Amino acid sequence: MTETLARVSARRPWLVVGLWLIVIFTAVVLVAMFLAFEGEAEITRTTESKQAERILDEGFPQEAATGEAITEVVVVRAEAGDVRRKATRSRVAALAEELRRAGATRTVTYRDERRLVSQDGDSTVLLVALGRDGEDDVDGVVDVVERLDDEPGYRAALTGEFTADGDEDAASLEDLKKGELFFGAPLALVVLLLVFGAVVAGLVPLMLAIASIVVALALVALLAQAYDLSVFTQNMLIGMGLALGIDYSLFTVSRFREERLQGREERDAIATAGATAGRAVLFSGIAFVLAMLGLLLVPSTIFRSLAAGAILVGIVSVVAALTLLPAVLALLGDRVNALRIPFFGRAAEQAGREGRFWGAIVDRVMRRPVASLVLAVGLLLALAAPVLALNTGTSGAATLPDRFESKQGFLLLREEFPKESTEPVEIAVAGEVRGAAVEGALPRLEQELARRGIFGESTVEANEAGTVARVTVPIAGNPDGERAIAAVRELRSKVVPRAFAGVDAEVYVGGDTAEELDYHDTVNFWLPLVLAFVLGLSFLLLTLAFRSIVVPATAIGMNLLSVGAAYGLLVLVFQEGIGNELLGLREAETIDAWVPLFLFAVLFGLSMDYQVFLLSRIRERYTQTGDTNAAISFGIGSTARLITGAALIIIAVFWGFAMGDTIAFQQMGFGIAVALLIDATIVRSVLVPATMKLLGERNWYLPSWLTWLPDVHVEGAEPRQATALRPAPGGSR
C-alpha cells in the first residue's frame, strides 16, 4: 500500500500537491473560524467531590442559577495602617462597586463578615463572585484591582478560579511562542540542515510538519465544537506535529537520497522509499497512535484533550509522509540536494552508508556484549532509582511566575491571611439538617476542624427547606498542595465518619482540594491499566511487524528502562533540585500528576519510531544476508546519523517546553528530552547491539503456533517493475 501511494503520488505530483493546498487553505479557514479551547481539567466519572457539588447545587439553587458562588478573592492592604479607618472604608466600598460594574455578580466585604480583616488590621479581603460568564469578565475585574494597586498607599491583588485559569492560559500561549516557535522550530531546522547538508532537503520536512500541524489544528477545531478541549491541546499538537512530521519526512527523504546514490531512477527511488521507509513510517505511526489511545481510557478531560491532539496530528503526519512527500520529491528530484552547506554537504553523499564513529562503538559493544549490557542496564537502573521518591501533585497559581496577577494575589493572601484560601473545603450534608442528630453532629465536626491547624474558621449554613447544610472551611497554604490534599483525605476517611457516626445523612467532602484528591486517585488507579494496554498492543504490533516475539519483548524492556531513567531524573532535578538552576528549571514539591502517565505514553510512542526504523533496517539486511551480526552492525551504523538527528530534533522541540514558565510543561519537556537522549545513545548504541548479539538467531524466534500471522514485511521489499540501476547525477554506484 505504501509503495502504491508513493508511485501514484509521484506520477501525478501537481494534482496531489494541489489537493493538499486546498486542504491546507480550508484548514486555515476552519482554524480561524472555530478554534477555541474552553475545557477545564476535570474527572468525567462520578466522584465524591462531584457528589458534594450536586447536592449543594440542588440545595442552594439560587446560587447555582445566578452565579453568586464565590470564585475570586481580592486582597487589599492599607500601607498606612488600619483598613477600618474612614478613608479606607470608603475606598473599599468604592472598590466593591467598581467590581460590580466590571462584572461581579456578588461582593462580600468586612462590613458583612468581620473575619475578612487580618489580625494586624492593615488588610482586608473582598470575596467576589463572577458568575457563569467569569471567563469573559475576569479581565475587567483584574483591571479594577490593578488600578487600586497603582494608587499611593494601597497594595491590592486578585486571585481565584477564573484569574488563575486566565493566567495559566496566558502562560501556555507565551510558552508556545517562546519555546516552540522561537526555540524548538528554529533549532530543529538547524539540526535538519546539518543532517542533510543541504538547505532544500532540510526545509522539506519542516514544511511538511507545518502542513500537518495546520490540518490537525482544523480537525481539533471541529472536534472542539462537540467536546470541551483543554487549551494545552494546541501546545501538545504543535510540539508533537513538529517532532513526528519532521521525523517521518526525515526517514523518507533520506531513503530516497540513498536510492538515488545507488543509481535508481527518480520514480523508482520514490517507490522504494515508499516501500521501505514509508512502511516503517506507517508502523511507527500506528505504534504512536496506539500508545496515545491508552490515554483516552483515563476519565479525565486533560488526558483526553492531549491524546486527541497527539493522535490527530500523528495520523495527519503519516498521511502527509505517504502522499504529499512523494509528490514533493517527484517535483524536486535531485534538486532536493540543492544549496549544499559547506563541510556538512558531504552528508548528501553518505546516505545509507555505515558511519565510522557509531560503527566503531557498535563493534566494541559486540566484542564484549555481556559487560556492555551489564554496565548499560546498571546505569539506567541507577538513574531510575530516585523514582521511588516520586510525589505527584498539581501546579496551580502557586507555581506560576510572580508577574501573573493570580500568583501575586496568592502570595499576598498567604502573607496577610495564612488560614484563608480562595478554594475552601465545602462539606455537603444532605438529610434532616434541623433534626437533633444532624444538629449534634455539626458541632462535633466543627470541633474536629478547629483542632487541625491547617483549617481556618468554619461556617455552617442550611438551605430554606432544611434538607441540605453546607460547611465551608478555608484551608491554609496552597489548596492544591500535598498538605492540603492529605488533610482532605483525612477528613473523608476519619473526621467526617467520626462526627456523623450513626447519623442518617449523606455527607460528601467537596471543593477544589477535594477535586484534586479525586483527580490524583483516578490517575493512580488508571496508571497500571494504561501501562498494560500500551505494552500489550505494542507487543502485538511489533510481533506482527517483525514475526518474532523476542524482538518486541527486548524492545519493550529497553523502552521501559529509558522511561524509568527519565522518571528518576525528573525527581532528581525538580523535586530534589539537583542541577535545576544550571538547566534553567524550577524546583517543585511534586511532579504534576498527569506528567508521569502522559510521559509514558508519549515516550513509548516516540521510542517505537526509532525502534521500528532501526529494526526494519536490521531485518532488511538480515533477510538479504542471513547474518545477524552483520545485519546489526549495518543497521545501526547506517541509521546512526539519521536517528541521532531525528532524536536531536525532538529533543529541541520538547526542550522548548522546558524553557517555558508553566512548570508542568517544564517537567514534561525535560522528561521527554532526556528519555530520547538516553534512547538515541545508550539504548541504540549499547543495549540493542549487545542484546541482539547475545541472542543471535533467537532474535527472530516465532513459536510454531504463531506462524499463521501475516508476513507484512515492515522492512520493505524491492519495488515492483523496478528499472535497471544507473548512476544518478553526481552520484556513484
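Let's start with a helix on a sheet: helix H15 (residues 405-416) lies across S1, S3 and S4, running at about 110° to S4. Keep in mind that this is a predicted model. From here we'll look at the sheet under that helix, then at a second set of strands, then at one long-chain topic: helices and their aromatic rings.

**The four-stranded sheet**

- H15 has company, as helix H5 (residues 86-102) lies across S1, S2, S3 and S4 and runs at about 15° to S3.
- In what order do the strands of this open sheet stand? The order is S2-S3-S1-S4, and the pairing is antiparallel.
- Strand S2 (106-108) and S4 are the edge strands; each has a single partner strand, so one side of each is left without a neighbour in the sheet.
- Going from one strand to the next, the twist averages 20°.

**Strand S1 and its neighbours**

- Strand S1 covers residues 72-78, and 7 of its 7 residues are buried, so the rest of the structure largely encloses it.
- You can check this face by face: Glu72, Val74, Val76 and Ala78 are on one side, Val73, Val75 and Arg77 are on the other, and all of them are buried.
- One neighbour is strand S3 (residues 123-129), which is joined to S1 by 6 bridges and runs antiparallel to it.
- To find this pairing in the structure, look for Val74, whose bridge partner in S3 is Leu126.
- Another neighbour is strand S4 (residues 154-160), with 7 bridges joining it to S1, again in an antiparallel arrangement.
- Which residue of S4 is the bridge partner of Val75? That partner is Ala157.
- You can follow the S4 pairing further along: Val76 has Ala156 as its bridge partner, and Arg77 has Arg155.
- S4 is mostly covered too, with 6 of its 7 residues buried.

**Strands S6, S7 and S8**

- Now move on to strand S8 (residues 468-473), where 6 of the 6 residues are buried.
- Val468, Arg470 and Thr472 point one way from S8, while Ala469, Val471 and Val473 point the other way, and all are buried.
- Strand S6 (residues 425-431) is joined to S8 by 6 bridges, and the two run antiparallel.
- Within that pairing, Val425 stands opposite Val473 of S8.
- Strand S7 (residues 459-462) is joined to S8 by 4 bridges, also antiparallel.
- Here Glu461 stands opposite Arg470 of S8.
- S7 and S8 make a hairpin with 5 residues between the strands, and Gly466 there takes a positive phi near 75°.
- Arg470 is worth another look, since its charged end sits over the ring of Phe60, 4.3 Å from the ring's centre.

**A helix you can check with a ruler**

- How far apart should the ends of helix H11 (residues 277-296) be? At 1.5 Å a residue, its 20 residues should span 28 Å, and the end C-alpha atoms are 29 Å apart, which agrees.
- H11 is also mostly covered, as 17 of its 20 residues are buried.

**Aromatic rings**

- A pair of aromatic rings is described by the distance of the centres and the angle of the planes.
- How many aromatic pairs does the structure hold? There are 5 aromatic pairs.
- One of them is Phe574 with Phe670, an edge-to-face pair at 5.7 Å centre to centre, with 75° between the planes.
- This pair links distant parts of the chain, because Phe574 is in helix H19 (residues 550-575) and Phe670 is in helix H22 (residues 663-695), 96 residues apart.
- Are these two rings buried or exposed? Both Phe574 and Phe670 are buried.
- Next come Trp594 and Phe665: their ring centres are 6.0 Å apart and their planes are at 75°, so this pair is edge-to-face as well.
- Trp594 is in helix H20 (residues 594-625) and Phe665 is in H22, which puts them 71 residues apart and links distant parts of the chain.
- Trp594 is buried, with a relative accessible area of 7%, and Phe665 is buried at 2%.
- Ring pairs also link Phe574, Trp655 and Phe670 into a cluster.

How values were computed:
Residues numbered from 1 in each chain as written. Predicted model: local features only at pLDDT ≥ 70, side-chain atom pairs only at ≥ 80, totals over all residues. Heavy atoms only, no water. Buried < 20%, exposed > 50% of the residue type's maximum accessible area, 1.4 Å probe, protein only. Pairing = 2+ DSSP bridges. Expected span 1.5 Å × (residues − 1). Phe/Tyr/Trp six-rings, centres within 6.5 Å; stacked < 30°, edge-to-face > 60°. Lys NZ or Arg CZ within 6 Å of the ring centre and 35° of its normal. Axes fitted to C-alpha atoms, helices over the stretch in contact; angles between N-to-C directions. Contact = heavy atoms within 4.5 Å.
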